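Please open the model in your viewer and keep the sequence panel beside it. The stops below suggest what to select, one after another, and say what is found at each place.

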Amino acid sequence: MLQSVQYSIDVIREEVRHLVWNGKLSRKQPIYALCQFIPGREWAWVECELERHGYLLRDRVIDLMGREDWDED
């Protein structure tokens, strides 16, 4: 039996930060670009969670990341 992962908004945000930090995703890309890193069978869960929190797939990744803290300039 396959278990599906339910993504909370916090898990999605953390995944996005990780992808941006590793250079796999740009802050300027639409949130929809995240679908290439989420298994297809789980994308519907992610999409519903994003919509539940007021995000559109055309919004930018930076909107989802929220505030970033910098240690140095």
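Does Trp 43 count as buried or exposed? Select Trp 43 in this predicted model, and the answer is that, at 11% relative accessibility, Trp 43 counts as buried, since the cut-off for that word is under 20%.

**The whole chain**

Zoom out and colour by secondary structure, and you will find three helices and zero strands, so that the pattern read along the sequence is α-α-α. The chain has 73 residues, of which 29% count as buried, and its accessible surface comes to about 5600 Å², with 49% of that belonging to carbon and sulfur atoms. If you display contacts between residues at least 6 apart in sequence, 68% of them join residues at least 24 apart.

**Helix H1**

Next select residues 9-21, which form helix H1. At 1.5 Å a residue these 13 residues should span 18 Å, and the end C-alpha atoms are indeed 18 Å apart, which agrees. Now pick out Ile 9, Ile 12, Val 16, Leu 19 and Val 20, the buried residues of H1. When you look down the axis of H1, these buried residues fall within an arc of 95°, so they line one face of the helix. On the face turned away from that buried side you will see the exposed residues Asp 10 and Trp 21. To learn what covers the buried residues of H1, show helix H2 (40-52) and helix H3 (61-65), both of which are included in that cover. Before leaving this part of the chain, select Gly 23, which follows H1 and has a positive phi, near 75°.

**Helix H2**

Move on to H2, whose 13 residues should span 18 Å at 1.5 Å a residue, while its end C-alpha atoms are 19 Å apart, which agrees. The residues to highlight here are Glu 42, Trp 43, Val 46, Glu 49 and Leu 50, which are buried. Seen down the axis of H2, the buried residues fall within an arc of 130°, so they too line one face of their helix. Turn to the other side of H2 and you will find Arg 41 and Arg 52, which are exposed. The cover over the buried residues of H2 includes H1 and H3. Just after H2 comes Gly 54, which takes a positive phi of about 85°.

While H2 is still selected, look also at Trp 45, which has its place in this helix and which, at 39% relative accessibility, counts as partly exposed. Add Ser 8 to the selection: Trp 45 and Ser 8 are 37 residues apart in sequence, yet their C-alpha atoms are 9.0 Å apart in space.

**The aromatic pair**

How many aromatic pairs does a search of the whole structure find? The search finds one. The pair is formed by Tyr 32 and Trp 43, and if you draw a line between the ring centres you will get 6.3 Å, with 90° between the planes, so by the rule that planes over 60 degrees apart count this way, the pair is edge-to-face. Tyr 32 lies in the loop between H1 and H2, whereas Trp 43 lies in helix H2, so the pair ties together parts that are 11 residues apart in sequence. At 46% relative accessibility, Tyr 32 counts as partly exposed.

**The nonpolar core**

In soluble globular proteins, nonpolar side chains tend to be buried together. To see the largest nonpolar core of this model, which has 18 residues, begin with those that have the most contacts inside it, namely Ile 12, Val 16, Leu 25, Leu 34, Val 46, Leu 50 and Leu 64. The elements that give two or more residues to this core are H1, H2 and H3, and H1 gives the most, with five residues.

Centre the view on Val 16, which, not counting residues up to four places away in sequence, touches Leu 34, Val 61, Leu 64 and Met 65.

**Last stop: Met 65**

Finish by selecting Met 65, which has its place in helix H3 and is buried, with a relative accessible area of 2%. Leaving aside neighbours within four places in sequence, Met 65 is in contact with Val 16, Arg 17, Val 20 and Arg 27. Of these partners, Arg 27 is 38 residues from Met 65 in sequence, and the two are 8.3 Å apart in space, C-alpha to C-alpha.

Key:
Residues numbered from 1 in each chain as written. Predicted model: local features only at pLDDT ≥ 70, side-chain atom pairs only at ≥ 80, totals over all residues. Heavy atoms only, no water. Helix = DSSP H or I, 4+ residues; strand = E, 2+ residues; numbered from the N terminus. Expected span 1.5 Å × (residues − 1). Buried < 20%, exposed > 50% of the residue type's maximum accessible area, 1.4 Å probe, protein only. Arc of directions from axis to C-beta. Contact = heavy atoms within 4.5 Å. Phe/Tyr/Trp six-rings, centres within 6.5 Å; stacked < 30°, edge-to-face > 60°. Areas by Shrake-Rupley, 256 points an atom, 1.4 Å probe, with all protein chains shown as cover. Core = buried A, V, L, I, M, F, W, Y, C linked by side-chain atoms within 4.5 Å.
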